[in-house]
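User: I would like to go through this model by question and answer, beginning with a single contact and widening to the whole chain. Please give the reasoning behind each answer.

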Amino acid sequence: HVVTREEMLLRKAEQLMLFGVCISLLILVLLLAHTPSFQVENRSGSAGSAGIAAGAGICIMALLRARMAVVESRNGSIRERIMTFDIHHNEVRSAAMVSATEESSNMVAAL
């Protein structure tokens, strides 16, 4: 496998947090757009909570990104690992093809 278990968990957590931030921002927009101006007290409290949730989600995403950077600095970037995997996989495939060709040649020679 190219991607470690920790990297998969970090990516899924980041996607979940991004979804949460989007929902918080959508709620914020709806609260601000649909609350009459004479209900400023209710609007500011609810909107403030939605804003805090969005801001906290962005901070958590930054922490997840920082951890991902640490993991990638230890293991190398995912792009490098994919390239290494592809090179190794192609070498193994080439070796298998050469082996199969040699076996076919040996069978033909034995006839």
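User: Which backbone nitrogen does the side chain of S77 reach, and at what separation?

Analyst: In this predicted model, S77 sits in the loop that joins α2 (40-75) to α3 (78-110). From there the side chain of S77 reaches a backbone nitrogen at 3.2 Å, which falls within the 3.5 Å limit for a polar contact. The nitrogen belongs to E80, and the separation is 3.2 Å.

User: Is S77 buried or partly exposed?

Analyst: A residue is buried under 20% relative accessible area and exposed over 50%. The relative accessibility of S77 is 24%, so S77 is partly exposed.

User: How far apart are the C-alpha atoms of S77 and V2?

Analyst: Along the chain, 75 residues separate S77 and V2. In space, the distance between their C-alpha atoms is 10.0 Å.

User: Does the end-to-end distance of α1 agree or disagree with the span expected for its 30 residues?

Analyst: Helix α1 covers residues 5-34. At 1.5 Å a residue, its 30 residues should span 44 Å. The C-alpha atoms at its ends are 43 Å apart, so the two values agree.

User: Is S24 buried or exposed, and which residues does S24 touch beyond four places in sequence?

Analyst: S24 is a residue of helix α1. Its relative accessible area is 12%, under the 20% cut-off, so S24 is buried. E7, L10, E14 and V21 are also buried in α1. Leaving aside residues up to four places away in sequence, S24 touches A50, A53 and A54.

User: Which residues form a nonpolar patch on the surface together with I27, and what is the accessible area of the patch?

Analyst: I27 lies in helix α1 and is partly exposed, because its relative accessible area is 43%. The other members of the patch are F19, I23, L26 and L30. Together with I27, they have an accessible area of about 460 Å².

User: What share of the accessible surface of the protein belongs to carbon and sulfur atoms, and what percentage of its residues count as buried?

Analyst: The accessible surface of the protein amounts to about 8400 Å², with a carbon and sulfur share of 67%. Among its 111 residues, the buried percentage is 16%.

User: How many helices and strands are there, and what part of the contacts with a separation of 6 or more joins residues 24 or more positions apart?

Analyst: Read from the N terminus, the elements follow the order α-α-α. This corresponds to 3 helices and 0 strands. Of the contacts with a separation of 6 or more, the part between residues 24 or more positions apart is 75%.

Note on methods: Residues numbered from 1 in each chain as written. Predicted model: local features only at pLDDT ≥ 70, side-chain atom pairs only at ≥ 80, totals over all residues. Heavy atoms only, no water. Helix = DSSP H or I, 4+ residues; strand = E, 2+ residues; numbered from the N terminus. Buried < 20%, exposed > 50% of the residue type's maximum accessible area, 1.4 Å probe, protein only. Polar contact = N/O pair within 3.5 Å; in protein donor to acceptor, adjacent residues only side chain to side chain. Contact = heavy atoms within 4.5 Å. Areas by Shrake-Rupley, 256 points an atom, 1.4 Å probe, with all protein chains shown as cover. Patch = residues over 30% accessible without salt bridge, like charges linked within 9 Å, V, L, I, M, F, W, Y side chains within 5 Å. Salt bridge = Lys/Arg side-chain N within 4 Å of Asp/Glu carboxyl O. Expected span 1.5 Å × (residues − 1).
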